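Subject: Model handover

Hello,

Here is the structure I promised to pass on. Please open it alongside this note.

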Amino acid sequence: MRLFKIGGSEGSRNIAKERLKLMLIQDRIEVSPGFMEELREAVLSSVGKYLDVDREKAQLSLELGEKLGQLVATIPVKRVKRKAEHD
Amino acid sequence: MESKVITITSGKGGVGKTTITANLATALAMAGHQVAAVDADIGLRNLDVMLGLENRIVYDLVDVAEGRCRLRQALIRDKRLSNLFLLPAAQTRDKTAIQPADMVKICEELKADFSFILVDSPAGIEHGFRTALAPADEVIVVTTPEVAAVRDADRVIGLVEAAGKESVKLAINRVKPEMVERGDMLSVEDVLEILAIPLIGVIPEDPEVIVATNKGVPVVLNTSSFSGQAIKDMARRLMGEEVPFPSLKESKSFLNTLGRWFRRK
């Protein structure tokens, strides 16, 4: 009887969960305007220890990938440092 | 115990806010507390219907806010419990008829006489929601294990937190254990993982709620109802008791038994 078939890992429960997670990535970014700016700062300051980057031209965005959200960063590199510089 | 204003909200409509408000208010009153249930859904009032008090309304929330009557005159005493009162919404006005500051003032006044003030918020995230949220000491966000309801709940939780409310708890309504078991419904754990706020109640789907609503008698007054029991547990948690969440799999509902029977084939 198809109606009572046990869905197991293929059940719609998991589809619902995956769809929700993806939706909320997008929704939550829209809800908090300061969030991207904060994330950008955090990424640039940590990358900056290894690379001399052009902070002005750096671009950062959170996008929706096929199954997960993805952080896309385009950061122009002026110089690769010989070793990590810590503050 | 200090008086508390608890706002019940959800974002999405139809998830059971009003039913939960009516039943929580009744359960808290059954436990001996002075309880006021405030219907903040101006223009679409329903809390009176859930409590079976629709024929007793003389004045409403907007009359109080606009000074046409005193607060006490608008409060309706419950038929069954002498320590439960309803402050009904206006039916012929719209949500802009009352401001957040009015709601704060009215709830402050209610605190003098009541230990629990439950505010039933309208659906949505606009003016009516903000008005219902304004006086809240605690917020209960109601959702069901469905994608749209959980998504809206997440949005509402963000707005509630942005408004500076620190106590925000989740009630998951209409859980169908046999569907969760079959892998066709989000489980309580799934919803908690996604929304990441503390749980205050889990209420199983129960046809008795429809019967109770038809009669205007809250389901918590039906001693054999398992959804009523779940809301009583929720009320005890609001009163500060530690009440464990029973495993839903153990609830022997008719549907559950039916589901098992079919699955054996």
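Below is what was found, taken chain by chain.

First, the conventions. This is a predicted model, in which local features need pLDDT of at least 70, side-chain atom pairs count only at pLDDT 80 or more, and totals for chains, interfaces and linings use all residues. Residues are numbered from 1 along each chain as its sequence is written, while chains are lettered from A and ligands numbered from 1 in the order in which they are written.

Chain A

Chain A has an average pLDDT (the predictor's confidence in each residue, from 0 to 100) of 82, and 79% of its residues score at least 70. Treat residues 4–8 of chain A separately: pLDDT there is below 50, though the stretch has 11 contacts in the model beyond near neighbours in sequence. A contact means that two C-beta atoms, placed from the backbone, lie within 7 Å.

The secondary structure of chain A is 2 helices and 4 strands. Their order along the sequence is α-α-β-β-β-β. Helices (H or I, at least four residues) and strands (E, at least two) are DSSP runs, numbered from the N terminus.

Of the 87 residues in chain A, 2% are buried. Buried means 20 or more other C-beta atoms within 10 Å of a residue's own, exposed means 12 or fewer, and partly exposed lies in between; C-beta atoms are placed from the backbone. Among contacts in chain A between residues at least 6 apart in sequence, 51% join residues at least 24 apart.

Look at Leu64(A). It sits in strand β2 (residues 59–64) of chain A. Leu64(A) counts as exposed because 12 other C-beta atoms lie within 10 Å. Leaving out residues up to four places away in sequence, Leu64(A) touches Leu22(A), Ile25(A), Gln26(A) and Gly69(A). Its C-alpha is 11 Å from that of Ile29(A), 35 residues away along the chain.

Chain B

Helix α7 of chain B covers residues 147–162, 16 in number. From first C-alpha to last it reaches 23 Å, close to the 22 Å expected at 1.5 Å a residue. That expected span is 1.5 Å times one less than the number of residues. Buried residues in α7(B) include Ala149(B), Asp152(B), Val156(B) and Val160(B). Just after α7(B), Gly164(B) takes a positive phi of about 85 degrees.

Pro177(B) belongs to helix α8 (residues 177–181) of chain B. Pro177(B) is buried because 21 other C-beta atoms lie within 10 Å. The C-alpha atoms of Pro177(B) and Pro135(B) are 35 Å apart, with their positions 42 residues apart along the chain.

Best wishes
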